[in-house]
Amino acid sequence: METTKKTALVVGANGVIGKNLIDYLLSVKNWEVIGLSRKEGHNKPNLKYIPVDLLDLENSKKQLSDLHNITHIFYTAYQDRPSWSELAEPNLTMLKNVVEIIEPLSKNLEHISLMQGYKVYGAHLGPFKTPAKETDAGHMPPEFNIDQQQYLEKKKQGKNWNWSAVRPSVVGGTAVGNPMNLALLIAVYASISKELNLPLRFPGKAGAYDKLMEMTDAGLLAKATVWAATNPQCANQAFNISNGDLFRWSELWPKIASYFEIPAAPPLQMELKTVMADKNNLWQNMQEKYNLEKHDYEKLAGWGFGDFVFSWDYDFFADGTKARRLGFYEFIDTEEMFFGLFDKLRQEKIIP
């Protein structure tokens with residue numbers, strides 16, 4: 001049994017992936033965790049937060065100057081931009097700033113874990129080869145996921161530390177304030193539909209309703225990320241990580257409607273960014289009516305992200321057998337994942 005104390009630096013600590021990763025690390029013995037994010041968090045035993053602007057090199061140097069004992073960097077940070085090309089520079093810069101500062105300070109650095117996604121396969125651009133495999137050919141840049149991996153591959157040469165790249169599908173979790181939280185977005189959309197005495201309609205493209213999809217539970221992803229970062233057979237490789245099953249919205253959507261005790265109706269393509277823009281006052285009234293936590297409506301759901309996901313009128317899944325061949329056997333039923341997340345959102349009084 002591993003008894004050596006390890007220190008994890010979780011970059012992007014307040015995101016849906018980072019939060020679940022921290023929770024998992026704290027549940028495992030022999031880990032101390034330092035979380036980096038633009039906003040501070042609440043310190044507790046074995047967990048310390050450091051606020052930092054990773055796009056500001058001088059601020060980064062100042063805030064990270066005392067980190068001499070990092071053994072594992074878990075990089076989950078992400079900066080959004082209006083276009084794909086604009087994503088490349090800031091997201092590569094943040095990773096570089098972390099690594100260039102921490103590597104010389106922490107002489108016992110063992111591993112750098114990079115969080116990626118199916119953008120590596122061009123999944124965001126249109127129909128792509130499925131099931132996507134880690135060995136698939138790349139596509140025309142710009143693509144910051146690839147830039148980041150190539151940077152680590154080059155930086156690792158001659159060093160004692162290793163890297164891994166973890167590639168989840170759409171991630172399911174409960175973190176508030178994350179623009180890419182699909183489960184929370186669906187829960188808010190369904191709750192408002194119910195409040196307005198409306199059926200639950202799938203708002204995406206007609207062709208997206210019956211295509212094969214998969215998702216990745218944030219808790220399962222945390223386990224896989226730590227597994228890849230701590231097992232020698234995983235060194236310097238990429239891994240697709242998903243729940244292990246496939247679904248179609250046409251089968252899942254009526255079950256989601258049933259969970260919220262409203263009928264399902266035929267799909268109707270609507271731009272959520274437009275039709276949900278005027279619901280702030282309604283949500284404030286619902287918060288009072290149902291005694292909900294007072295989260296800002298604008299921070300609850302990234303409606304543009306929902307429009308993006310629900311526009312995929314092509315199959316969206318990858319081959320996850322590589323991780324299983326090397327020893328990661330965890331899986332979760334996607335329907336159970338959704339309903340468990342909805343239950344948690346209700347318990348935390350985020351939705352009625």
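How many of the residues of strand β1 (residues 6-11) are buried? Select that strand in this predicted model, and you will find it mostly covered, with 6 of its 6 residues buried.

**The strand β1 and its partners**

With β1 still selected, show the side chains and look along the strand: Lys6, Ala8 and Val10 point one way, while Thr7, Leu9 and Val11 point the other way, and all of them are buried. Such a pattern fits the general rule that in a regular strand the side chains alternate between the two faces of the sheet.

Add strand β2 (residues 31-37) to the selection, and a parallel pairing with β1 over 6 bridges comes into view, in which Ala8 stands opposite Val33 of β2. To follow the chain between these two strands, select helix α1 (residues 16-27), through which the chain crosses from β1 to β2 in a right-handed β-α-β crossover.

Next, bring in strand β4 (residues 72-75), which runs parallel to β1 and is joined to it by 4 bridges; here the bridge partner of Ala8 is His72.

**The aromatic rings**

Now turn to the aromatic side chains, for which a search of the whole structure finds 29 pairs. Begin with Trp84 and Phe308, whose rings form a tilted pair at 5.9 Å centre to centre, with 50° between the planes. This pair links distant parts of the chain, as Trp84 lies in helix α3 (residues 84-105) and Phe308 in helix α11 (residues 303-309), 224 residues apart. Trp84 is partly exposed, with a relative accessible area of 36%, and Phe308 is also partly exposed, at 24%.

Move on to Phe202 and Phe310, an edge-to-face pair at 5.2 Å centre to centre, with 70° between the planes. Phe202 sits in the loop between β8 (200-201) and β9 (215-217), whereas Phe310 sits in the loop between α11 and α12 (321-325), so that the two are 108 residues apart in the chain. Both Phe202 and Phe310 are buried. Widen the selection from there to see a cluster linked by ring pairs, whose members include Phe202, Phe310, Tyr189, Tyr209, Trp249 and Phe339.

**The cavity**

The last stop is an internal space, since the structure holds 1 cavity of 30 Å³ or more, and about 80 Å³ of space lies in the largest cavity. To display its lining, select Leu220, Asn240, Ile241, Ser242, Asn243, Gly244, Gly320, Arg324, Phe328 and Glu330; these lining residues divide into 3 nonpolar, 5 polar and 2 charged.

Note on methods
Residues numbered from 1 in each chain as written. Heavy atoms only, no water. 1 Å grid on protein atoms, 1.4 Å probe; cavity = no way out; pocket = protein on both sides within 12 Å on 5 of 7 lines; lining within 4 Å. Points joined across faces, edges and corners; volume = space filled by probe spheres on them. Nonpolar A, V, L, I, M, F, W, Y, C, P; charged D, E, K, R; others polar. Buried < 20%, exposed > 50% of the residue type's maximum accessible area, 1.4 Å probe, protein only. Pairing = 2+ DSSP bridges. Right-handed = clockwise from strand over helix to strand, strands pointing away. Phe/Tyr/Trp six-rings, centres within 6.5 Å; stacked < 30°, edge-to-face > 60°.
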